[in-house]
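The following exercises concern one molecular structure. Please study the sequence and the model before reading each solution.

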Amino acid sequence: MAIRAYGALAADKPLQAIDIERRAVGADDVQIAIAYCGVCHSDLHTARSEWAGTLYPCVPGHEIVGHVTAVGPAVTKFKVGDTVGVGCMVGSCLTCEACEEGLEQYCECGLIGTYNGETADAPGHTLGGYSEQIVVKDRFVLKITHDESQLAAVAPLLCAGITTYSPLRHWKVGPGKKVGVVGIGGLGHMGVKIAHAMGAKVVAFTTSESKRQAALDLGADEVVVSRNADEMAKHADSFDFILNTVAASHDLDPFMDLIKRDGAMCLVGVPEHKHPALNVAPMIFSRKTLAGSLIGGIPETQEMLDFCAEHGIVSDIETIKADDINEAYERMLKSDVKYRFVIDAATLAA
Ligand code: NAP
Ligand code: ZN
């Protein structure tokens, strides 16, 4: 069935309205009418092939919320009318150790991304959520229990929410822990909200003076403008954990200097160009860890959605029309969004 989507035909072309096909509903498939789709910086990296290997046409979007319109005969967990979400993955091998542990994002055979992933469906690679409808295997569909009126603001939880929740849980963030969040964009603002709800003392690091008050409003206990060396120095050797969400190559040393013995900094940003090499001596002398983390598994994504519903957490969003997407990308590059653009899928219709 042909449906309307928004995608790029080449790395150097703006996104435009296109028609795409979705497969017929199979035995364990869930068909979803998309209501909203968040705009992640990964969408921009991919649409412009900044990570190389983008297949075109490229329809980005992996922060999908909507309503079930059909289910296959083997589906028991979902029914028509349910409010559901789809995040960054639509498949994995389901049999390797990682998949069996519910860590499908680390599938040893390679996860299938919601866009630019391998599929037998036309056109031979997956097409994401900047579209009216999607068909996804039930295992990769999430239940949403937030109030229906919050649906647009729930969309970013499907990537920005889980990508910050998972490392915060893994490194046992909670009461008594001092936690930094670097880069107060789509991911970072969720990191601040979630770390605060977990009971940690949260310090937000931003390059944008204009976000100083805004970060406090998100739940940060303190805000540091990271370009200011004096402000940074006050926090030397004091953090249990820092979550670094910055989307661009930058010097990691000033942040490693803020971590205390046995503390860790986890990188989740995937910049187009490498970070400069680290100064390792301070890491060695205080047994510090530098780590990375990829989204989160399906069971943990459901746990995160339920945690956010229970704590009244949603994303701070600016809803846009599909036609506004190219301008939204430019504004995202200038860190000019508080904090996530969300496409209203009703504006996709021809
Ligand atoms: P975003 O909304 O653009 O936020 C990134 C933030 O980084 C900006 O708001 C800005 O915050 C800061 N920043 C940008 N350029 C900077 C620079 N040159 N130096 C220092 N800080 C800078 O992006 P996002 O959607 O949150 O995504 C962030 C990164 O995570 C992207 O690379 C994305 O691809 C990646 N990602 C990874 C995963 C994963 O599983 N690991 C999942 C999703 C996304 P301030 O204005 O506060 O400085
Ligand atoms: Zn994302």
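**Exercise 1.** How far from a nitrogen atom of ligand 1 does a backbone N or O atom of S293 lie?

*Solution.* The model is predicted: local features need pLDDT of at least 70, side-chain atom pairs count only at pLDDT 80 or more, and totals for chains, interfaces and linings use all residues. Residues are numbered from 1 along each chain as written, chains are lettered from A and ligands numbered from 1 in written order, and side-chain values use heavy atoms, without hydrogens and water.

Step 1. The distance for S293 is 3.0 Å; a polar contact is a pair of N or O atoms within 3.5 Å.
Step 2. The protein covers 89% of the 930 Å² of accessible area that ligand 1 has on its own (Shrake-Rupley method, 1.4 Å probe).

**Exercise 2.** Identify the sheet order and its edge strands.

*Solution.* Strands are DSSP runs of E with at least two residues, numbered from the N terminus, and two strands pair if DSSP finds at least two bridges between them.
Step 1. Six strands, paired in parallel, make an open sheet in the order β12-β11-β10-β13-β14-β15.
Step 2. β12 (222-225) and β15 (289-292) each have a single partner strand, so one side of each lacks a neighbour in the sheet.
Step 3. Within the sheet, β10 (residues 178-182) and β13 (residues 239-244) are joined in parallel by four bridges; V181 has L243 as its bridge partner in β13.

**Exercise 3.** Describe the pairing of strand β3 with β8.

*Solution.* Step 1. β3 (residues 29-39) and β8 run antiparallel, with five bridges between them.
Step 2. Opposite D29 stands K137 in β8.

Conventions
A polar contact is a pair of N or O atoms within 3.5 Å; within protein, one must be able to donate a hydrogen and the other to accept it, and residues adjacent in sequence count only if both atoms are side-chain atoms.
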